[in-house]
Structure formats: C-alpha cells, structure tokens
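Biologist: Could you take me through one part of this model closely, namely the open sheet with what packs on and around it, and then set that part within the rest of the chain?

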Amino acid sequence: MKKTFLLAIALLCFCAPMSLFAQKQLAFKDGKFKIVQFTDIHWDQKSSKCAKTVATIQSVLKAENPDVAMLTGDVVTANPGLEGWKSVIGIFEEAKIPFTVMMGNHDAEIVPKDEIYAMLSKSPYFMGEKGPGDIHGAGNYVVPVYSSDGKKPAALLYCIDSNDYPTLKDYGTYDWIHFDQIHWYREQSMRYTKENGGKPLPALAFFHIPLLEYNEIVGAETTLGQKEEGIASPKINTGFFASLVEMKDVMATFAGHDHDNDYAVMWKGILLAYGRFTGGNTEYNHLPNGARIIVLDEGARTFTSWIRQKDGIVDKVTYPASFVKDDWTKR
C-alpha cells in the first residue's frame, strides 16, 4: 500500500507541469533585489526585426543581471503565435533568468490566454500562474520576494491583467482593472499584511494599460522621463488607485502600452511609471529600445529605478528620496 501511494505521488509530480513559481522562491541578495521590466515586445515570428528585439533583451540582461524579468504585455502580437511564444520564452530560458508575464490588449488577439499560460507553465523559469478563474482576466497573481535568509516574504510583486477592450465604447478604447480584480488585490494585501504583524509589505504593481490617474499627473513638476504621446488609458475610474492608497503596500505601479512614454511621476505618495518600449517590430516609437530597471532595498520602503538603453542608463530616480512629499516637487 505504501509503495503504491509513493508511486502515485511520483507519477503525479512527473506528469503535472510545475512552474518555478511552485518550486523556487525569489529572494533578496545582500539586501537588494533587481527587477527588469520589458514591455511591448510585439514579437512577430516572421519579421527580421526580431533580431533587434533579441539583441535589446540580451544586452539588458547581460548589463544588469536581474533577479527577475517582468513582461508587461503585448508580448507576441503576430502569427504564428505559439511559435512566437516559444521564441520569447527561449530567450529567458537560455539566459537562466526567472520571468513573469502579464497580458496586453493584443496578446489574446493572437493566442487565447488559457493557451498562453498553459505554455508558460511548462517553463522552469516562469514565476507566474494563470491565477483565479472567477475574476476578470488571466495572469492575476502575486510573486513574493523573500528575505535574504529565505524565511519570510519581504516584498511583493503584484501582476495584474488590465484586460483588453470594453464592450461599451462610451468608456474609451481600452479596458480596465475590474472590481473583482480589485477585491482580489485587497484580499491578497490584507492577508500578507496580517501575516506580517499588521505592517504592509513593500510592494510594486505591474500591468499593461496605464491607469486613468496617469492623465492627472501630466505636466507635474515631478515628471522624470519622456512623454512623447497621449495616455491611452480607460476613460472610467474603477478605484484601483484608491485601493492602492488605502492598503498602503504598493509603492509604485509600472505600465506599458504607450510606446513613446517612459516617464515616472509621484502622485499621492505612489510613483506612477512606465517601462521603456522593448520591441523592434513597430515603427511609430521614437525612443530607443530598452527596459526599466528597479532595485528594491530589503527592509525599507525604498527603491531605485532607471532606464537601460543601448548607450547606457538615463533618468535615474530613487523612491521616495527624489521627491519632497509635502508639495510633490522634485528636489
């Protein structure tokens, strides 16, 4: 009986694909944890410009040696989609870099989200999951970053699906983070806060489509980085930012979607930031391809961030020391 039970467990473990998320935890090293945000890769398996995309990603990974890569949507946006995903996944497997994926508005136009996450789950370097099936979107999950000694979570990375397109066009071209997702976030935040003795853990949130609040900060003196196009946010406010303020864990949000924006601005104590466009297959962007880097400090609500491009780094900022809290103007 005992041998049969052990054999069944062994077969179950062998047959069920498990991501690195279920096998290995991310952790601070010497008090630091480095994240790279790649956004809007727009992979087209048939395009020769993929070589530029690969060169950009590999260059950033080599220069920065991050602990994890966050892919914030519009990853594969042309057919053959599954082959495209295999190619993108292969870049991170070859580099041996753990990675996460959030959905953009174009990803599901090529491959259904269920199929995308089924493929991702087979990679030993994928740190995410499909997430709850009873709320909007796919790829809503939390990645805890453990303390240097590996004993407990010391920071949180919220990965959220900002969805695709609304059914009612009166509310804008692009969808939003829905109420059930906000409720899910609040539950996760409360749970981790309770487990941390009532003190919110330092956290970051990553998604594709910028929040409506990204419009409110345009022109603020605190702006650091480039704004070369409009903000393609939803036109309705579902209260996600208000929940971030109330829960007191998220220090900053990082979006993509708008290829010619990479700015970061403090708003109500939370840094609203864009990544840097990474892909090489679209023509309208004018900023050099690159990525955003974020370095968390263990045991503190602080981090440093900059843009990494081919010729070096630009727009380095430290949260919150680069800002004066009482008037939100840059020091």
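Modeller: What follows goes from the sheet to the cores, and then to the charged pairs and one loop residue.

This is a predicted model, and the sheet should be read with that in mind. The protein has 331 residues, of which 54% count as buried, and its secondary structure comes to nine helices and 14 strands. Seven of those strands form the open sheet, in the order E1-E5-E6-E7-E8-E10-E9, with mixed pairing. At its edges stand strand E1 (26-27) and strand E9 (264-267), each of which pairs on one side only.

Within the sheet, strand E7 (residues 203-206) and strand E8 (residues 250-255) run parallel and are joined by four bridges; in this pairing Ala-203 stands opposite Val-250 of E8. Helix H9 (residues 240-247) lies across E8, E9 and strand E10 (270-274), and the helix runs at about 135° to E10.

The residues of E7 also lead into the nonpolar cores. The largest core has 61 residues, and Phe-38, Phe-92, Leu-157 and Leu-204 touch the most other members. Leu-157, once its neighbours within four places in sequence are left aside, is in contact with Leu-204 and Phe-206, and its other partners include Phe-33, Ile-35, Val-68, Met-70, Tyr-141 and Leu-296. A second, separate core of 29 residues includes Ala-203, together with Tyr-192, Val-265 and Leu-272. In soluble globular proteins, nonpolar side chains tend to be buried together.

The charged side chains add another set of links, and the count of salt bridges comes to eleven. One of them belongs to helix H9: Arg-186 forms a salt bridge with Glu-246, with the closest N and O atoms 2.9 Å apart. Because Arg-186 lies in helix H7 (residues 179-195) and Glu-246 in helix H9, this pair ties together parts that are 60 residues apart in sequence. Both partners fall in the intermediate class of accessibility, Arg-186 being partly exposed at 26% and Glu-246 partly exposed at 48%.

A further pair involves the loop that leads into the edge strand E9. The side chains of Arg-276 and Asp-262 meet in a salt bridge of 2.9 Å, N to O; Arg-276 lies in strand E11 (residues 276-277) and Asp-262 in the loop between E8 and E9, so parts 14 residues apart in sequence are tied together. Here both residues are buried, Arg-276 with a relative accessibility of 2% and Asp-262 with a relative accessible area of 0%.

At the other edge, the loop after E1 takes part in a pair whose partners differ in exposure. Lys-29 and Asp-67 meet through their side chains in a salt bridge of 3.1 Å, N to O. Lys-29 sits in the loop between E1 and strand E2 (32-39), whereas Asp-67 sits in the loop between helix H3 (50-64) and strand E3 (68-72), so that the pair links distant parts of the chain, 38 residues apart. Lys-29 counts as exposed, at 54% relative accessibility, while Asp-67 counts as buried, at 14%. Salt bridges also link Lys-34, Glu-64 and Arg-308 in a network.

Strand E3, which follows the loop of Asp-67, runs parallel to E4 and is joined to E4 by four bridges, with Ala-69 standing opposite Phe-99 in E4. Between these two strands the chain crosses through helix H4 (residues 81-95), and this β-α-β crossover is right-handed. From strand E4 (residues 99-102), Phe-99 and Val-101 point one way and Thr-100 and Met-102 the other way, and all are buried.

The last stop is Ser-233, in the loop between helix H8 (213-216) and H9, which counts as buried because its relative accessibility is 5%, under the 20% cut-off for burial. Residues up to four places away in sequence not being counted, Ser-233 touches Ile-209, Pro-210, Leu-211, Leu-212 and Asn-215. The C-alpha atoms of Ser-233 and Leu-211 are separated by 5.7 Å, although the two residues are 22 apart along the chain.

Links between separated parts of the sequence also show in the contact statistics of the whole protein: among contacts between residues at least 6 apart in sequence, 71% join residues at least 24 apart.

Methods
Residues are numbered from 1 along each chain as its sequence is written. This is a predicted model: local features need pLDDT of at least 70, side-chain atom pairs count only at pLDDT 80 or more; totals for chains, interfaces and linings use all residues. Side-chain values use heavy atoms; hydrogens and water are left out. Two strands pair if DSSP finds at least two bridges between them. Contact means heavy atoms within 4.5 Å. Axes are lines fitted to C-alpha atoms, for helices over the stretch in contact, and angles run from 0 to 180 degrees between N-to-C directions. A nonpolar core is a set of buried Ala, Val, Leu, Ile, Met, Phe, Trp, Tyr and Cys residues joined through side-chain atoms within 4.5 Å. Buried means under 20% relative accessible area, exposed over 50%, partly exposed in between (1.4 Å probe, protein chains only). A salt bridge is a side-chain nitrogen of Lys or Arg within 4 Å of a carboxyl oxygen of Asp or Glu. A crossover is right-handed if, with the strands pointing away from the viewer, the path from the first strand over the helix to the second runs clockwise.
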